Amino acid sequence: MLIEGKKIVATIEARMTSSRLPGKVLLPADGEPMLKHLVDRLRQVKSIHSIVLATTVNKADDCLEDFAKEQAIASFRGSEDDVMARVIDAADSVSADIVVEITGDCPVIDPLLVEQTIQMFLRNQCDFASNSFIRSYPDGMDTQVLSLKTLKHSAALTTDRLDREHVTLHICNHPELFRHVYLIASPDLHWPELGLTLDERKDYELLKKLIEHFGPSNPYFSCRDIIALLRSRPEWVAINREVLRKGAT
């Protein structure tokens with residue numbers, strides 16, 4: 001069981017060659033790339049000691065390595081397809097003990113929910129903590145916390161393509177091997193159908209509206225702020241309602 005005092009590192013998986021919306025992580029909102037909004041939000045998470053951008057060796061991702069340098073965060077380049085290995089190597093490169101796995105398509109992730117998921121991991125006898133395995137928060141708040149040792153153990157047990165593409169899928173599918181705990185949304189934050197992840201152009205339209213609505217006066221607006229706003233603006237909710245989300249298939 002890991003306890004506080006270990007190095008906690010947020011890994012961000014990002015690449016420019018998204019099939020549905022190429023270059024999405026650097027699309028602008030309120031004058032900054034989407035990825036900058038995500039990094040700034042993770043910097044507000046009290047327990048995170050370091051951030052590392054886990055991108056690919058593809059030439060197209062040179063700009064992401066440059067972005068990491070500009071933002072003074074670490075970066076690591078690895079396989080495009082074996083994301084599990086890429087995240088492990090990225091975490092190893094900054095001597096992580098505990099990994100907070102974040103994907104680059106969550107530019108409005110709530111720092112408080114990330115912190116709550118970390119605390120749930122630290123204060124329970126578990127191998128894996130998640131706020132998205134049981135979907136209750138809006139899609140786009142997704143946080144997974146586990147030790148690097150656990151992730152390496154999982155990697156040693158599987159060569160399945162989907163397991164290697166979706167970093168914690170093998171752990172999720174094997175609760176008999178890995179002890180899970182889940183952060184579940186309270187009723188006022190329960191809205192699992194709401195898409196706040198950056199998959200397609202319609203998602204970008206909605207996320208850009210949200211970021212520019214709150215603006216510099218409230219740059220770290222919360223999941224609660226978003227829900228309160230969208231409850232009063234159903235026309236905004238409709239912007240990306242028809243976007244189909246990809247699962248682990």
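Reader: Hi! How do the residues of the lining of the largest pocket divide into nonpolar, polar and charged?
Author: Hi! They divide into 10 nonpolar, 12 polar and 17 charged. Here Ala, Val, Leu, Ile, Met, Phe, Trp, Tyr, Cys and Pro count as nonpolar, Asp, Glu, Lys and Arg as charged, and the others, Gly among them, as polar. Keep in mind that this is a predicted model, where local features need pLDDT of at least 70 and side-chain atom pairs count only at pLDDT 80 or more, while totals for chains, interfaces and linings use all residues. Residues are numbered from 1 along each chain as its sequence is written, and side-chain values use heavy atoms, with hydrogens and water left out.

Reader: Thanks. What counts as a pocket or a lining residue?
Author: On a 1 Å grid over the protein atoms alone, a pocket is an open set of points with protein on both sides within 12 Å along at least five of seven lines, whereas a cavity is a set of points where a 1.4 Å probe fits but cannot get out. Lining residues have an atom within 4 Å of a point.

Reader: And what volume does the largest pocket have?
Author: About 1,400 Å³. That volume is the space filled by probe spheres set on the points, with grid points joined across faces, edges and corners.

Reader: Which lining residues lie nearest its centre?
Author: Glu 13, Thr 103, Asp 105, His 166 and Lys 246, out of 39 that line the largest pocket.

Reader: Which element gives the most to that lining?
Author: Strand β6 does, with 3 residues. At least two residues each come from α3 (83-93), β6, α6 (161-165) and α7 (169-172). Helices (H or I, at least four residues) and strands (E, at least two) are DSSP runs, numbered from the N terminus.

Reader: Let's stay with α3 for a bit. Which of its residues are buried?
Author: Val 83, Met 84, Arg 86, Val 87, Ile 88, Ala 90 and Ala 91. Buried means under 20% relative accessible area, exposed over 50%, partly exposed in between (1.4 Å probe, protein chains only).

Reader: What covers those residues of α3?
Author: The cover includes β1, β4, β5 (74-78), β6, α5 (148-157) and α6. Phe 76 is in strand β5 and touches Arg 86, Asp 89, Ala 90 and Ser 93, as well as Val 52, Leu 53, Ala 54 and Thr 55, leaving aside neighbours within four places in sequence. Contact means heavy atoms within 4.5 Å.

Reader: Is Phe 76 buried or partly exposed?
Author: Partly exposed, because its relative accessible area is 22%.

Reader: New topic: backbone. What does phi do just after α3?
Author: Ser 95 takes a positive phi there, about 55°. Asp 30, which is not a glycine, also has a positive phi of about 55°. Asp 30 sits in the loop between β2 (28-29) and β3 (32-33). For Ala 72, in the loop between α2 and β5, phi is near 60°. As background, most residues other than glycine have a negative phi.

Reader: How accessible are Asp 30 and Ala 72?
Author: Asp 30 is partly exposed at 35% relative accessibility, while Ala 72 is exposed at 68%.

Reader: On to the inside. Which residues touch the most other members of the largest nonpolar core?
Author: Leu 42, Ile 48, Leu 53, Val 100 and Ile 118, in a core of 31 residues. The elements supplying at least two residues each are β1 (8-13), α1 (34-42), β4 (50-56), α2 (62-71), β6 (98-103) and α4 (111-122). A nonpolar core is a set of buried Ala, Val, Leu, Ile, Met, Phe, Trp, Tyr and Cys residues joined through side-chain atoms within 4.5 Å.

Reader: Which residues does Ile 118 contact?
Author: Ile 8, Val 45, Ser 47, Ile 48, Val 100 and Val 145, leaving aside neighbours within four places in sequence. Another core lies apart from the largest, with 30 residues, among them Leu 27, Ala 185, Leu 189 and Leu 210.

Reader: Last one: how many disulfides are there?
Author: There are 0, a disulfide being a pair of cysteine sulfur atoms within 2.5 Å. For Cys 63, the nearest cysteine sulfur, that of Cys 106, is 19 Å away. For Cys 106, the nearest is that of Cys 223, 12 Å away. Cys 63 is partly exposed at 30% relative accessibility, and Cys 106 is buried at 1%.
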